[in-house]
Amino acid sequence: MKTKLSLLVPVIAGICVSSSAFAASTISGAGSSAIAPALYKWAEAYNKATGNKVNYAAIGSGGGLRQITAGDSGTVDFACSDEPKPLKWLNDHKLVQFPMVMGGIVAIFNIPGVETGKLVLDGPTLSAIFQGDIKKWNDPKIAKLNKGVKLPDLAITVVHRSDGSGTTYNFTNYLSKVSNWKPGVDSAIQWPTGLGGKGNAGVAQYVKTLPGSIGYVEYAYALQNKLTVTSMKNKDGKVVTPKFETFSAAASNANWEDAAKKGYDMILTDQPGAQSWPMAMSTFCLVHYKDENGKKVSANSKATDALNFFKWSYKNGQELAKQLDYIPIPDAVYGKIETSWPVTK
């Protein structure tokens with residue numbers, strides 16, 4: 001079921017903005033590559049409409065988190081991360097976080113003669129592949145999931161991210177939930193096998209050029225670059241394909257009320273529901289609610305400028321986001337976000 005991208009209205013509703021808040025300004029952000037295409041489009045349109053500039057560096061979630069927490073008040077005005085942080089960490093760094101858009105992670109592969117969506121994997125099998133326990137595409141465990149699909153006697157080459165990434169954090173989180181995943185859960189881990197590619201582009205390039213390879217990227221990137229993706233068997237045992245409806249189903253079945261109590265420390269992997277995509281994820285935005293002196297940020301602060309940008313992007317950027325295959329957060333979440341946001345005096 002499609003939902004409206006009305007996330008930012010309640011978030012901004014409680015903020016008192018000064019008459020000079022929309023004067024020309026420049027803000028900077030850094031972090032997740034997953035949300036970068038939408039942010040770039042929003043920033044371009046925002047600049048044309050208001051004269052304000054937004055600079056964003058897609059350096060990965062880990063890099064964005066390091067920059068927003070550097071020193072007393074960070075070296076950027078906002079960060080975006082696919083790895084939500086716990087409430088204590090947010091309070092320690094005087095930050096508030098909120099989910100902005102949603103997407104998912106997909107496994108991409110290169111098996112000659114097998115088209116996109118025709119290869120089915122489940123969590124335990126995907127985990128065994130990325131741990132190096134399954135080494136060939138005609139392995140009985142893969143064949144059992146793919147009756148009628150001609151699987152070659154071809155060696156599997158695993159491709160993973162070499163940089164710190166929220167995508168890796170969510171991917172390894174999923175594998176840890178559905179299998180005996182030993183390498184750990186983090187934005188960067190010691191992989192037991194495979195080749196490392198920097199960013200989505202690096203992973204995709206390896207997979208495109210190496211027959212027998214498999215990797216993981218964000219769904220929007222895979223779709224825009226016409227990559228070959230797997231279907232997945234989800235928690236309810238149903239085979240699903242990555243698309244708007246299956247990502248939305250995962251978000252709708254998540255326990256957002258509980259997440260609101262924890263500062264939206266919410267991971268969307270392995271959600272229940274017959275239509276749920278098992279590797280759904282959100283991208284979160286983080287902004288300072290107190291300055292370096294421990295006082296609430298003022299109405300003419302860079303933090304407020306950042307929120308003005310997000311507010312404008314919601315009101316004017318919905319279609320841009322949808323065109324880039326981003327999924328809105330469910331309507332039921334919006335009111336909870338408003339109560340979590342500190343009022344700027």
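The following exchange examines the sheets, helix packing and largest pocket of a predicted model.

Visitor: In what order do the eight strands of the open sheet stand?
Guide: This is a predicted model, and the pairing within its eight-stranded open sheet is mixed. From one strand to the next, the twist averages 25 degrees. The order of the strands is S2-S1-S3-S11-S4-S8-S6-S7.

Visitor: Why is one side of strand S2 and of strand S7 left without a neighbour in the sheet?
Guide: Strand S2 covers residues 53-57 and strand S7 covers residues 195-197. Each has a single partner strand, so one side stays without a neighbour, because both strands stand at the edges.

Visitor: Which residue of S8 is the bridge partner of isoleucine 105?
Guide: Strand S4 (residues 95-109) pairs with strand S8 (residues 213-218) over five bridges. The sense of this pairing is antiparallel. Within S8, the bridge partner of isoleucine 105 is glutamate 218.

Visitor: What angle does the direction of helix H8 make with that of S8?
Guide: Helix H8, residues 199-209, packs on the sheet. The strands that H8 touches are S4, S6 (157-161), S7 and S8. Its direction and that of S8 make an angle of about 155 degrees.

Visitor: At what angle to S4 does helix H10 run?
Guide: Helix H10 comprises residues 244-252 and lies across S4 and strand S11 (280-288). Relative to S4, helix H10 runs at about 135 degrees.

Visitor: Are H2 and H12 roughly parallel or roughly perpendicular to each other?
Guide: Helix H2 (residues 36-50) and helix H12 (residues 302-316) pack with their axes 10 Å apart, at an angle of about 100 degrees. Angles of 65 to 115 degrees count as roughly perpendicular. The two helices H2 and H12 are therefore roughly perpendicular.

Visitor: How many nonpolar residues has the contact of H2 with H12?
Guide: On the H2 side, the residues include Leu39, Trp42 and Tyr46, and those they meet in H12 include Phe309, Phe310 and Trp312. Three polar residues and one charged residue also belong to the contact. The nonpolar residues number nine.

Visitor: Which residues lie nearest the centre of the largest pocket?
Guide: The largest pocket holds about 320 Å³ of space and has a lining of 25 residues. Two or more lining residues come from each of S4, H8, helix H9 (219-224) and S11. By class, the lining has 12 nonpolar, eight polar and five charged residues. Nearest the centre are Ser33, Ala34, Pro37, Asn200 and Glu218.

Visitor: How far apart in space are serine 162 and lysine 198, C-alpha to C-alpha?
Guide: Serine 162 is located in the loop between S6 and helix H7 (166-178). Leaving aside neighbours within four places in sequence, serine 162 is in contact with Gly196, Gly197 and Lys198. Although serine 162 and lysine 198 are 36 residues apart in sequence, their C-alpha atoms are separated by 5.2 Å.

Visitor: Which residue in S10 is the bridge partner of methionine 232?
Guide: An open sheet of three strands has the order S5-S9-S10, with S5 (120-122) and S10 (239-240) as its edge strands. Strand S9 (residues 231-233) and S10 run antiparallel and are joined by two bridges. In S10, methionine 232 has as its bridge partner valine 240.

Technical notes: Residues numbered from 1 in each chain as written. Predicted model: local features only at pLDDT ≥ 70, side-chain atom pairs only at ≥ 80, totals over all residues. Heavy atoms only, no water. Pairing = 2+ DSSP bridges. Helix = DSSP H or I, 4+ residues; strand = E, 2+ residues; numbered from the N terminus. Axes fitted to C-alpha atoms, helices over the stretch in contact; angles between N-to-C directions. Contact = heavy atoms within 4.5 Å. Parallel < 35°, antiparallel > 145°, perpendicular 65-115°, else oblique. Nonpolar A, V, L, I, M, F, W, Y, C, P; charged D, E, K, R; others polar. 1 Å grid on protein atoms, 1.4 Å probe; cavity = no way out; pocket = protein on both sides within 12 Å on 5 of 7 lines; lining within 4 Å. Points joined across faces, edges and corners; volume = space filled by probe spheres on them.
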